[in-house]
Amino acid sequence: MKPERGPEELISAMTIHNRVKEMGQMITKDYQGERPILLGLLKGSFIFMADLCRSIDLDTDVDFMEVTSYGTQQTSSGIVRIVKDLTESITDRHVILVEDIIDTGLTLNHIIGSIQLKKPASLKVAALLVKYKKHNLQYPIEYMGFEIEDRFVVGYGMDASHHFRNLPWIGTLDSEQSVRG
Ligand code: PRP
């Protein structure tokens with residue numbers, strides 16, 4: 001069900017645009033002479049992925065996995081399910097994992113383990129949002145957009161019960177009216 005009240009703006013479209021451009025410039029510098037593959041985690045990363053790849057001035061490849069840990073709950077179920085796996089081989093490739101948000105870190109910890117089993121040449125993480133001090137990550141985040149407080153965020157790809165993904169900015173919802181899914 002769609003929350004009754006709409007989200008309040010937390011990060012504007014222009015601020016996101018500028019930061020994603022900077023992240024793309026960093027990746028361009030770090031991967032000179034390489035052809036990295038951007039690996040987006042669906043669904044939440046689809047807009048960030050589209051903007052990030054266009055901010056990188058290199059020949060890049062893209063692929064997607066779909067994972068979910070929230071179901072229809074606001075808090076993670078603790079079980080990460082792969083709904084859609086990679087379609088390309090990433091063995092000996094330079095992989096950049098693209099995430100919209102790192103909340104508990106559970107998804108990333110789980111997925112990185114399974115990606116490493118495929119023996120990429122290198123693996124780095126680009127995350128637009130990281131919840132400040134909340135996550136329990138076992139891996140560094142090389143490219144981070146914004147650190148945020150522990151608020152429920154929607155927009156720019158992120159949803160609440162399948163609503164708000166197409167907002168061009170990032171907003172917050174009161175926790176009692178927000179359900180991830
Ligand atoms: C969200 C988000 C991340 C994950 C982060 O996905 O896109 O993948 O949760 O949370 P964590 O750090 O606590 O694991 P979600 O399961 O809501 O699926 P979606 O991307 O399809 O909306």
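This text walks through the surroundings of the ligand and then turns to one helix beside it in a predicted model.

Start with the ligand. The shell around the ligand holds 18 residues, and those that come nearest are Glu99, Asp100, Thr104, Gly105 and Thr107. By type, the shell around the ligand divides into seven charged, six polar and five nonpolar residues.

Some side chains can be paired with particular ligand atoms. In the side chain of Thr104, an N or O atom is 2.5 Å from an oxygen atom of the ligand. For Glu99, a side-chain N or O atom is 2.8 Å from a ligand oxygen atom. The side chain of Thr68 has an N or O atom 3.4 Å from an oxygen atom of the ligand. As for cover, the ligand taken alone exposes 490 Å², and the protein buries 97% of that.

Next, consider where the shell comes from. Strand 5, residues 94-102, and helix 3, residues 106-116, each supply at least two residues of the shell. Strand 5 gives the most, with four residues.

Helix 3 can also be followed away from the ligand. Which residues of helix 3 are buried? They are Thr107, Leu108, Asn109, Ile111, Ile112 and Ile115. Thr107 therefore appears twice in this account: it is among the residues that come nearest to the ligand, and it is buried in helix 3. The buried residues of helix 3 pack against several strands, namely strand 2 (37-42), strand 3 (61-68), strand 4 (81-84), strand 5 and strand 6 (122-131). Strand 5 is thus one of the strands packed against by these buried residues, and strand 5 also supplies residues to the shell around the ligand.

Notes: Residues are numbered from 1 along each chain as its sequence is written. This is a predicted model: local features need pLDDT of at least 70, side-chain atom pairs count only at pLDDT 80 or more; totals for chains, interfaces and linings use all residues. Side-chain values use heavy atoms; hydrogens and water are left out. A residue is near a molecule or strand if one of its heavy atoms lies within 4 Å of it. A polar contact is a pair of N or O atoms within 3.5 Å; within protein, one must be able to donate a hydrogen and the other to accept it, and residues adjacent in sequence count only if both atoms are side-chain atoms. Accessible areas come from the Shrake-Rupley method with a 1.4 Å probe; for residues, only the protein chains shown count as cover. Ala, Val, Leu, Ile, Met, Phe, Trp, Tyr, Cys and Pro count as nonpolar, Asp, Glu, Lys and Arg as charged, and the others, Gly among them, as polar. Buried means under 20% relative accessible area, exposed over 50%, partly exposed in between (1.4 Å probe, protein chains only). Contact means heavy atoms within 4.5 Å.
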